[in-house]
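Please open the model in your viewer and set the display to show side chains. The tour below proceeds selection by selection.

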Amino acid sequence: MSDTNTFDQAAIRKHIFHCMQTEPSEPLPPAHVDGTTIAPSDPVRFDWSKTAKKSKHNALMKKRIVDDLKASRKRYKHVPEKDFNDKTLDAGFDQAFTTLRQKFKTQQDDAAAMHNR
């Protein structure tokens, strides 16, 4: 796992869903509305149209998830301790987020197709 310098993808995706308070089998939550704030006790929400680098909000959500993941190490016993470093977690998050953004786009396209039927 560390050879590719990415965090275990299944674990990071599982944790993102946990922080969004949704299940992988459910549709992704709607996009975050720019200009609205999310309290620390609220579920994580993303602006699906932007990357974490291009959205201050998404960058804050990324930090929140990575920090929570570090605090929740014991939930991921199969992930080596050495993989809980910033560089590896950041790369793992970015890969997982790219996948989720694509899932959201597909979800929206499917919803639009159903609406047009």
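The stops that follow concern salt bridges and the residues that form them.

**Before starting**

The model is a predicted one, in which local features need pLDDT of at least 70 and side-chain atom pairs count only at pLDDT 80 or more, while totals for chains, interfaces and linings use all residues. Residues are numbered from 1 along each chain as its sequence is written, and side-chain values use heavy atoms, with hydrogens and water left out.

How many salt bridges does a search of the whole structure find? The search finds five, a salt bridge being a side-chain nitrogen of Lys or Arg within 4 Å of a carboxyl oxygen of Asp or Glu. Three of them are visited here, one at each of the first three stops.

**Stop 1: select Asp94 and Lys62**

The side chains of these two residues, Asp94 and Lys62, form a salt bridge with an N to O distance of 2.9 Å. Asp94 belongs to helix 3 (residues 86–116) and Lys62 to helix 2 (residues 56–71), so the pair ties together parts that are 32 residues apart in sequence. Helices here are DSSP runs (H or I, at least four residues), numbered from the N terminus.

Are the two partners buried or exposed, where buried means under 20% relative accessible area, exposed over 50%, and partly exposed in between (1.4 Å probe, protein chains only)? Asp94 is partly exposed, at 29% relative accessible area, whereas Lys62 is buried, at 14%.

**Stop 2: select Asp86 and Lys70**

A salt bridge joins the side chains of Asp86 and Lys70, at 2.2 Å from N to O. This pair also links distant parts of the chain: Asp86 is in helix 3 and Lys70 is in helix 2, 16 residues apart. Asp86 is partly exposed, with a relative accessible area of 44%, and Lys70 is likewise partly exposed, at 26%.

**Stop 3: select Asp109 and Lys105**

The side chains of Asp109 and Lys105 meet in a salt bridge of 3.3 Å, N to O. Both residues lie in helix 3, and because they are four residues apart, Asp109 and Lys105 are separated by about one helical turn. Asp109 is partly exposed, at 42% relative accessibility; Lys105 is partly exposed as well, at 46%.

**Stop 4: return to Lys62**

Which residues does Lys62 touch, not counting residues up to four places away in sequence? With contact meaning heavy atoms within 4.5 Å, Lys62 touches Ala52, Asp90, Phe93 and Asp94. Asp94 is the salt-bridge partner from the first stop.

Key. Helix = DSSP H or I, 4+ residues; strand = E, 2+ residues; numbered from the N terminus.
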